[in-house]
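Please open the model in a viewer and keep the sequence panel at hand. The tour below proceeds by selection, one stop at a time.

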Amino acid sequence: MMLKGLFLLFCVSTAVVGKNLHQNGRIIGGVEAEIGEFPWQVSVRNFLSGISHFCGGSIIHPSWILTAAHCLDGLTPIQYEIVAGQHNIHLPDIHEEVRFVSKGIMHPNYTWNDKEFDIGLIKLLTPLTFTDYIQSIDLGTVDIAEGTQCTATGWGVTEEGSLFLASNLQKVDVPVVSDEKCYEIYASLMRDNMICAGEAGKDSCSGDSGGPFVCPDPANGNPILTGVTSWGQGCGRDGKPGVYTEVKYFIDWIQETIEQE
């Protein structure tokens with residue numbers, strides 16, 4: 001089972017990844033996003049060892065980021081920071097805002113051995129200022145039909161096994177796979193509070209963990225945060241879709257946690 005993020009905290013420093021490497025690369029089978037196309041996307045980076053991106057996240061409130069629990073496991077707030085409004089993770093951006101972290105909160109039922117409840121919240125020390133390039137995204141609360149084209153984004157590696165992050169934000173459109181099919185594929189690893197999406201050659205990968213999986217709202221087509229990038233077996237393998245923590249199952253926990261803090 002491959003988590004889609006945390007090992008990069010230890011292995012890859014953006015300070016040493018050449019900016020020309022994988023300049024035409026992509027999240028698996030995707031393309032480079034337009035600047036400002038996904039204003040809710042943030043980079044979660046370790047600034048104690050070369051300012052390394054290791055996970056993604058989504059802005060859901062000026063002071064709150066939604067990410068994967070495994071991105072926060074074993075870390076203290078002093079070890080990482082959030083960058084919003086960024087396109088190239090190796091270069092300063094005139095639209096970016098950097099925020100220190102007040103608190104990282106993993107779902108209380110999360111365990112490393114069982115990837116269920118792989119969801120977490122990051123409280124910022126100071127709130128973000130929303131602009132055209134920095135915005136929150138609404139949480140998904142509805143079912144998404146099989147075959148719906150949704151979008152995963154991130155700066156993760158562009159091929160399975162690589163140690164080099166994409167410089168510029170990447171996006172990939174992937175079809176939702178039915179829960180029934182995912183239970184057939186992943187058996188006991190699959191849970192009701194997960195959602196699968198992907199096809200051969202199109203997937204999220206290592207370094208994309210915690211980032212947004214966004215689908216169109218069936219009611220009006222507006223983007224909603226349907227999932228949090230979590231895990232998979234390889235990246236873009238035929239018959240092995242990516243697995244995302246399904247946000248709709250955690251609405252109460254998210255809201256209660258924010259209210260309590």
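**First stop: a buried cysteine**

Select Cys205, which is buried, with a relative accessible area of 0%. The model in view is a predicted one. Next, add Cys235 to the selection; Cys235 is also buried, its relative accessible area being 7%. A disulfide joins Cys205 to Cys235, with an S to S distance of 2.0 Å. The torsion about this S-S bond is about 80 degrees, so the disulfide of Cys205 and Cys235 is right-handed. The link spans distant parts of the chain: Cys205 sits in the loop between β11 (194-197) and β12, and Cys235 in the loop between β13 (223-232) and β14 (242-246), 30 residues apart.

**Second stop: other disulfides**

A disulfide is a covalent bond between the sulfur atoms of two cysteines. A search of the whole structure finds four of them. Select Cys150 and Cys215, whose sulfur atoms are 2.0 Å apart in a disulfide. Here the torsion about the S-S bond is about 110 degrees, so this link too is right-handed. Cys150 belongs to strand β9 (residues 149-154) and Cys215 to strand β12 (residues 212-216), 65 residues apart. Both Cys150 and Cys215 are buried.

Move on to Cys55 and Cys71, which form a disulfide with their sulfur atoms 2.0 Å apart. Which hand does the link of Cys55 and Cys71 have? With -85 degrees about the S-S bond, it is left-handed. Cys55 lies in strand β4 and Cys71 in helix α2 (residues 69-72), 16 residues apart. Both of these cysteines are buried. When the bonded cysteines of the chain are numbered in sequence order, the pairing reads 1-2, 3-7, 4-5, 6-8.

**Third stop: the whole chain**

Clear the selection and display the cartoon. The chain contains four helices and 14 strands. Of its 261 residues, 56% count as buried. Among contacts with a separation of 6 or more, 73% are between residues 24 or more positions apart. The chain exposes about 10700 Å², and carbon and sulfur atoms supply 50% of that area.

**Fourth stop: the nonpolar cores**

In soluble globular proteins, nonpolar side chains tend to be buried together. In this model, the largest nonpolar core has 40 residues. Select Ile65, Leu66, Tyr80, Ile82, Ile122 and Ile254, the residues with the most contacts inside this core. Strand β4 (residues 52-61) provides the largest share of the core, four residues.

Center the view on Ile65. Leaving aside residues up to four places away in sequence, Ile65 touches several residues, among them Val42, Ile59, Ile82, Ile122 and Leu128. A second, separate core has 13 residues, including Ile144, Cys150, Val172 and Phe213.

Now select helix α4 (residues 251-260), in which Ile251, Trp253, Ile254 and Thr257 are buried. What covers the buried residues of α4? The cover includes β4, β5 (64-67), β7 and β8.

**Fifth stop: paired strands**

Select strand β6 (residues 80-84) and strand β7 (residues 97-106), which run antiparallel and are joined by four bridges. Within this pairing, Glu81 stands opposite Phe100 in β7. Then add strand β8 (residues 120-124), which pairs with β7 in the antiparallel sense over five bridges. Ile105 has Leu121 in β8 as its bridge partner.

**Sixth stop: salt bridges**

Side chains of opposite charge can pair when their charged atoms come close. The structure holds ten salt bridges. Return to Glu81 and add Arg45: the two form a salt bridge whose closest N and O atoms are 2.5 Å apart. Glu81 lies in strand β6 and Arg45 in strand β3 (residues 41-46), so the pair ties together parts that are 36 residues apart in sequence. Is Glu81 buried or exposed? Glu81 is buried, at a relative accessible area of 6%, and Arg45 counts as buried at 12%.

Select Asp114 and Arg191, a salt bridge with its closest N and O atoms 2.8 Å apart. Asp114 is in the loop between β7 and β8, whereas Arg191 is in the loop between α3 (179-186) and β11, 77 residues apart. Asp114 counts as partly exposed, at 27% relative accessibility. Add Glu116 to complete the view: Asp114, Glu116 and Arg191 are linked in a network of salt bridges.

Finish with Glu199 and Lys202, a salt bridge whose closest N and O atoms are 4.0 Å apart. Glu199 is partly exposed at 37% relative accessibility, and Lys202 is partly exposed at 29%.

Notes: Residues are numbered from 1 along each chain as its sequence is written. This is a predicted model: local features need pLDDT of at least 70, side-chain atom pairs count only at pLDDT 80 or more; totals for chains, interfaces and linings use all residues. Side-chain values use heavy atoms; hydrogens and water are left out. A nonpolar core is a set of buried Ala, Val, Leu, Ile, Met, Phe, Trp, Tyr and Cys residues joined through side-chain atoms within 4.5 Å. Buried means under 20% relative accessible area, exposed over 50%, partly exposed in between (1.4 Å probe, protein chains only). Helices (H or I, at least four residues) and strands (E, at least two) are DSSP runs, numbered from the N terminus. Contact means heavy atoms within 4.5 Å. A disulfide is a pair of cysteine sulfur atoms within 2.5 Å. Accessible areas come from the Shrake-Rupley method with a 1.4 Å probe; for residues, only the protein chains shown count as cover. Two strands pair if DSSP finds at least two bridges between them. A salt bridge is a side-chain nitrogen of Lys or Arg within 4 Å of a carboxyl oxygen of Asp or Glu.
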